[in-house]
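Work through the exercises below with the sequence and the model open. Try each task before reading its solution.

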Amino acid sequence: MSKQWMSLVGALWLQSMAGTNTNFPAYSSQIKKLLSISQIELNNLAFASDAGKLLGWFAGIAANYLPLWLVLLIGSILGLIGYGVQYLFLINHIHSLSYWHVFSLTFLAGNSICWINTVSYIVSIQNFPLDRQVAVGISTSYISLSAKIVTDIVDVVNVFTPSKRAETYLLMNSVLPLFFAIVVAPAIRDMKIGKSRKLSDGFRVMFVITIATGIYAVITSLKPAISKLLPSLLSLIGMVIFLLLPIVVPLFESMKEHWHRKCWIRRDPRICDLSKLEEDIKTPEEVINCGVKEDNDAGFAVMEEIGPKKMLMKLDFWLYFFVYLFGATLGLVYLNNLGQIADTRGFTGTSSLVSLSSSFGFFGRLLPSLFDYLFSRSKYAISRPATIAVTLAPMTGAFFLLLNNSHICLYISTAIIGICTGAITSISVSQTAELFGTKNFGVNHNIVVANIPIGSFIFGDLAAMLYRKQENSLGSCLGIKCFQTTFIIWGCLCLLGTCLAFILHRRTQKFYTHLRGGN
């Protein structure tokens with residue numbers, strides 16, 4: 001069981017370095033100046049990072065045939081090449097890279113994230129079948145800390161010139177994921193545990209640690225107010241300590257196994273220690289085995305177990321696809337353009353905004369897991385599509401709030417969009433598994449998130465074209481007018497996504513009613 005918990009710790013460490021694309025707003029303005037490119041060309045670079053997800057299904061296929069540690073290393077090496085060559089270009093070690101070379105490298109770097117995420121999702125879902133939403137939420141919440149961690153490192157290096165900061169961001173993006181992949185590779189594996197049970201005690205500790213980490217991240221993101229009280233080096237050391245804390249769970253379990261020579265979850269599904277079962281799990285079509293009621297081999301319910309071809313012919317898939325497109329993807333497009341949005345408003349603290357969105361995104365990814373942990377068996381629990389609909393409502397309001405030019409509205413809207421985007425991203429992992437099954441999850445979910453590059457291209461280019469209409473003779477734009485129409489369109493699309501989510505909720509309501517133990 002200690003290995004089971006260690007695999008989750010390894011997954012969350014991986015996720016803490018997997019959000020390399022979230023750093024893009026922190027150096028996008030500098031990239032625009034260095035390459036002398038237009039706003040549309042800059043948006044296309046952001047699109048390139050997301051477009052790497054179009055080939056994310058390769059990672060899903062590879063995970064079906066290769067060891068997970070090898071899939072992880074392949075993804076990390078792709079990121080090393082994608083970001084590393086761009087770093088060498090910025091420091092003039094490579095003198096002749098065209099715009100399309102940089103575009104291709106950004107595409108490669110974006111694809112590398114899919115490999116790392118696929119490994120983390122599989123570990124969380126397969127190794128914790130009865131707590132998959134909790135495990136997924138805890139691990140994926142750490143991806144929102146990527147920008148925060150890298151920003152802290154850049155601040156400690158004491159780099160102040162924009163060009164040097166851009167170089168440092170790219171260097172960290174290239175080497176940190178590979179370093180973490182090498183460290184956790186021995187712990188990353190599908191345990192094939194067979195029958196399982198609820199693991200309340202361990203997750204209770206994990207929640208306390210994770211929430212404390214998020215609070216610390218939010219507080220230390222409030223710059224420059226907090227910088228006077230907590231220097232950059234101490235802020236980074238504190239973050240490293242919080243990242244190491246989750247290891248206490250597998251260490252405690254290892255000590256307990258060593259002392260008592262007992263394993264609560266065994267590889268042979270026929271062996272079961274009834275004295276250690278904490279609670280019976282109610283699922284549809286209950287089948288009793290060793291005191292645990294299950295509906296399939298993994299011990300959890302799905303609507304149907306289908307492959308990608310059949311999934312693409314389902315109306316539920318396309319509803320789900322567009323809900324994600326008008327929700328999480330729209331939020332990611334906003335965050336990709338955060339640097340330019342801040343510049344047009346005369347706001348100079350872009351790094352603090354990136355760090356803020358990262359920290360609130362952390363809580364957004366964590367909250368669905370916390371609610372699932374507390375209320376999954378309650379009659380008041382709502383379906384995942386309904387949860388997404390409720391999450392999209394404040395996000396719609398945040399886009400319209402951006403029509404106010406004040407900096408406080410920028411802060412509030414960024415925090416709301418960050419937390420809502422994170423929540424939808426976390427919910428969608430379990431949503432995909434429940435709607436379409438787990439056997440082909442790696443491929444199926446990468447098809448779902450293929451909407452991210454599509455949305456990034458359409459919504460991003462639309463914003464760039466509207467921005468260009470407001471440009472002055474110098475090729476720049478200042479004031480609320482630059483993105484005013486864009487925010488109205490994004491708000492309306494987000495409202496449409498809310499309606500589609502409620503339709504999906506109605507179509508899947510019977511399944512979730514049975515899943516929650518209703519009549």
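Is Cys114 buried or exposed? Cys114 is buried, because its relative accessible area is 4%. Buried means under 20% relative accessible area, exposed over 50%, and partly exposed in between, with a 1.4 Å probe and protein chains only.

This is a predicted model, in which local features need pLDDT of at least 70, side-chain atom pairs count only at pLDDT 80 or more, and totals for chains, interfaces and linings use all residues. Residues are numbered from 1 along each chain as its sequence is written, and side-chain values use heavy atoms, with hydrogens and water left out.

**Exercise 1. Describe the chain as a whole.**

Step 1. Take the secondary structure. The protein chain has 21 helices and two strands. Both are DSSP runs numbered from the N terminus: helices are H or I with at least four residues, strands are E with at least two.

Step 2. Take burial. Of the 519 residues in the protein chain, 59% are buried.

Step 3. Take the contacts, meaning heavy atoms within 4.5 Å. Count those between residues at least 6 apart in sequence: 82% join residues at least 24 apart.

**Exercise 2. Sort the cysteines.**

Step 1. Find the bonded pair. A disulfide is a pair of cysteine sulfur atoms within 2.5 Å. The structure holds one disulfide. Its partners are Cys477 and Cys482, with sulfur atoms 1.9 Å apart.

Step 2. Assign the hand. The torsion about the S-S bond of Cys477 and Cys482 is about -95°, so this disulfide is left-handed.

Step 3. Check burial of the pair. Cys477 is buried at 4% relative accessible area. Cys482 is buried at 2%.

Step 4. Turn to Cys494. Cys494 is in no disulfide; the nearest cysteine sulfur belongs to Cys420, 7.8 Å away. Cys494 is buried, with a relative accessible area of 0%.

**Exercise 3. Characterise the packing of α5 on α9.**

Step 1. Choose the descriptors. Two packed helices are described by the angle between their axes and the distance between the axes. Axes are lines fitted to C-alpha atoms, for helices over the stretch in contact, and angles run from 0 to 180 degrees between N-to-C directions.

Step 2. Read them off. Helix α5 covers residues 68–90 and helix α9 residues 162–184; their axes come within 8 Å and cross at roughly 160°. That makes α5 roughly antiparallel to α9. The cut-offs are under 35 degrees for roughly parallel, over 145 for roughly antiparallel and 65 to 115 for roughly perpendicular, with the rest oblique.

Step 3. Give the hand. The crossing of α5 and α9 is left-handed. Left-handed means that the near helix is turned anticlockwise from the far one by less than a right angle; right-handed means clockwise.

Step 4. Look at the contact. Residues from α5 include Leu72, Leu73, Ile77, Leu80 and Tyr83, and those from α9 include Leu170, Leu171, Val175, Pro177 and Leu178. By class, the contact of α5 with α9 has 16 nonpolar, six polar and one charged residues. Here Ala, Val, Leu, Ile, Met, Phe, Trp, Tyr, Cys and Pro count as nonpolar, Asp, Glu, Lys and Arg as charged, and the others, Gly among them, as polar.

**Exercise 4. Repeat the analysis for α6 and α7.**

Step 1. Helix α6 (residues 99–127) and helix α7 (residues 132–141) pack at about 150°, their axes 8 Å apart. The two are therefore roughly antiparallel to each other.

Step 2. The crossing of α6 and α7 is right-handed.

Step 3. Tyr121, Ser124 and Ile125 in α6 meet Arg132, Ala135, Val136, Ser139 and Thr140 in α7. The contact of α6 with α7 has four nonpolar, three polar and one charged residues.

**Exercise 5. Place Val85, Asn92 and Thr329.**

Step 1. Val85 is in helix α5. Val85 is partly exposed, at 23% relative accessible area. Beyond four places in sequence, Val85 touches Leu80, Ile94, Leu97 and Leu105. The C-alpha atoms of Val85 and Leu105 are 7.6 Å apart, across 20 residues of chain.

Step 2. Asn92 is found in the loop between α5 and α6. Its phi is near 70°, a positive value in a residue other than glycine. Asn92 counts as exposed at 51% relative accessibility.

Step 3. Thr329 lies in helix α14, residues 315–336. Thr329 counts as buried at 0% relative accessibility. Outside its neighbours within four places in sequence, Thr329 is in contact with Tyr324, Asn451, Ile452, Gly455 and Ser456.
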